[in-house]
Amino acid sequence: MNGLKTAILPPFMQQPVLFYPQLAQPRKIIITVHQKPDGDAMGAALGLYHFLKNLGHDAVVISPTNWANFLNWMPGSNAVVDFERFREKSVQLISEAEIIFCLDFNVLHRIKNLAPFIEQSKAAKVLIDHHEQPQEDEFDFGISDTNKSSTCEMVYDFIIASSYAEKINSDIAACLYAGVISDTGSFKFPATGASTHSMVADLKRRTNFNHTIIHENMYDNFLEERLRFIGHALLYRLDVLYEENTAMMVIPKADLVKFHIKTGDTEGLVNYLLSIEGIKFGALLIDREEERKWSFRSKGDFDVNVFARNHFEGGGHKNAAGGRSADSLEANVKIFKQVLKQYKEQLQ
Ligand code: 5GP
Ligand code: MN
């Protein structure tokens, strides 16, 4: 395996073409993603998984944690190994891996308790990701492009550049499309480029995958309780700070319990905040079991990646980022309102 790593001596971020020779013979491959994988992470992992299987590799997707039920329609999702539930099996698979793909994250703390096992593995580690500031020394090969709409678009580029594009089937197309719509807000966010639309057109031409069913699976597949929870949150948990053009929402644990809120049920909630006229910064705080989890979204130039890094141990992209804190909800709200004052001018 060491031979495999040193055979090509790739500087970080060289073109993936340098990596392809390693796929010339069947390999044991692990694909992993950030904790609580979203549509982009799961779509990228499963899109790549089907591609590698089609090439004859022994590929397994390991998720650091569980994921939202609304991703379970994705072909191959039933074969994804949840590290928290199947720890021994995961550790065994990682110890045998020759190649590990790290998708849709670029710092090891985002894979939680899986991190030490990936870090210690002797496998070649390949990063494909679009978040800011990658932890470069952790990966042997990599493509890090913060201008890309989604990791799914990058996996598509990786497949096309491999010269095995004929291996793309409707399963791969469906997974990659789902990730693109998740991360672009269905082609709305600024990172949606001509390349994003070209990719979708190409996938559609190649496979004629059914995009309508994918939208229904992703967005029209919830329980009544989740809709009522959103109504409750909008009515009782929203705080609009007009002076700073900011809207915030704070969800206490009791709400999550009352409405039986599961992983994934709060996805998209933060986007409502930016739907208020004039609001440029939306911040959602949720009292999760182990930590207080922040989601930040912005419109225009206000950089929530910087905000999350500076104040809430997080990061992400300019217009969408996340963060966390071990402090109480109340302490978080207090800190948020205090530091927000520094940004008042930027938010005008
Ligand atoms: P969300 O609010 O949906 O959890 O996260 C928004 C975006 O920021 C996603 O692209 C997510 O992957 C990224 N993100 C969330 N938390 C972190 C973090 O702690 N560090 C980094 N680098 N990115 C994060
Ligand atoms: Mn992503």
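These questions and answers walk through a predicted model, from its sheets to its metal site.

Colleague: Which strands stand at the edges of the open sheet with parallel pairing?

Modeller: That sheet has six strands in the order 3-2-1-4-5-6. A strand at an edge has a single partner, so one side of it is left without a neighbour in the sheet. The edge strands here are strand 3 (81-82) and strand 6 (141-144).

Colleague: Which residue of strand 6 stands opposite Asp129?

Modeller: Strand 5 covers residues 124-129 and runs parallel to strand 6. Four bridges join the two. Opposite Asp129 in strand 6 stands Ser144.

Colleague: At about what angle does helix 3 run to strand 2?

Modeller: Helix 3 (residues 87-96) lies across strand 1, strand 2, strand 3 and strand 4. Strand 2 spans 58-63. Helix 3 runs to it at about 135 degrees.

Colleague: How many residues are in the largest nonpolar core, and how many in the second?

Modeller: In the largest core, Ile31, Leu48, Leu52, Phe101, Leu103 and Leu176 touch the most other members. Leu103 is in contact with residues including Ile31, Ala44, Leu48, Ile128 and Val155, leaving aside neighbours within four places in sequence. The second core is separate and includes Leu285, Leu340, Tyr343 and Leu347. The largest holds 53 residues, and the second holds 21.

Colleague: Which protein residues are donors of the manganese ion (ligand 2)?

Modeller: Their spacing in sequence is D-x63-D-x25-H-x52-D. The donors lie 2.2 to 2.4 Å from the ion. Three give OD and one gives NE2: Asp40 (OD), Asp104 (OD), His130 (NE2) and Asp183 (OD).

Colleague: How many residues apart in sequence are the parts that Asp40 and Asp104 tie together?

Modeller: Asp40 lies in helix 2 (residues 39-54). Asp104 lies in the loop between strand 4 and helix 4 (115-120). The pair therefore ties together parts whose separation in sequence is 64 residues.

Colleague: Are Asp40 and Asp104 buried or exposed?

Modeller: Both are donors of the manganese ion (ligand 2). The cut-off for the lower class is under 20% relative accessible area. Asp40 and Asp104 are buried.

Colleague: In the sheet with mixed pairing, which residue of strand 9 stands opposite Met249?

Modeller: This open sheet has six strands in the order 7-8-9-10-12-11. Its edge strands are strand 7 (238-241) and strand 11 (315-316). Strand 8 (residues 246-251) and strand 9 (residues 281-287) pair in the parallel sense over six bridges. Opposite Met249 stands Leu284.

Colleague: Which helix lies across strand 7 and strand 8?

Modeller: The helix covers residues 224-236. The angle to strand 8 is about 125 degrees. This is helix 9.

Conventions:
Residues are numbered from 1 along each chain as its sequence is written. Chains are lettered from A and ligands numbered from 1 in the order in which they are written. This is a predicted model: local features need pLDDT of at least 70, side-chain atom pairs count only at pLDDT 80 or more; totals for chains, interfaces and linings use all residues. Side-chain values use heavy atoms; hydrogens and water are left out. Two strands pair if DSSP finds at least two bridges between them. Contact means heavy atoms within 4.5 Å. Axes are lines fitted to C-alpha atoms, for helices over the stretch in contact, and angles run from 0 to 180 degrees between N-to-C directions. A nonpolar core is a set of buried Ala, Val, Leu, Ile, Met, Phe, Trp, Tyr and Cys residues joined through side-chain atoms within 4.5 Å. Buried means under 20% relative accessible area, exposed over 50%, partly exposed in between (1.4 Å probe, protein chains only). Donors are N, O and S atoms within 2.8 Å of the metal (3.2 Å for Na, K and Ca); water is not among the atoms, so sites may look incomplete.
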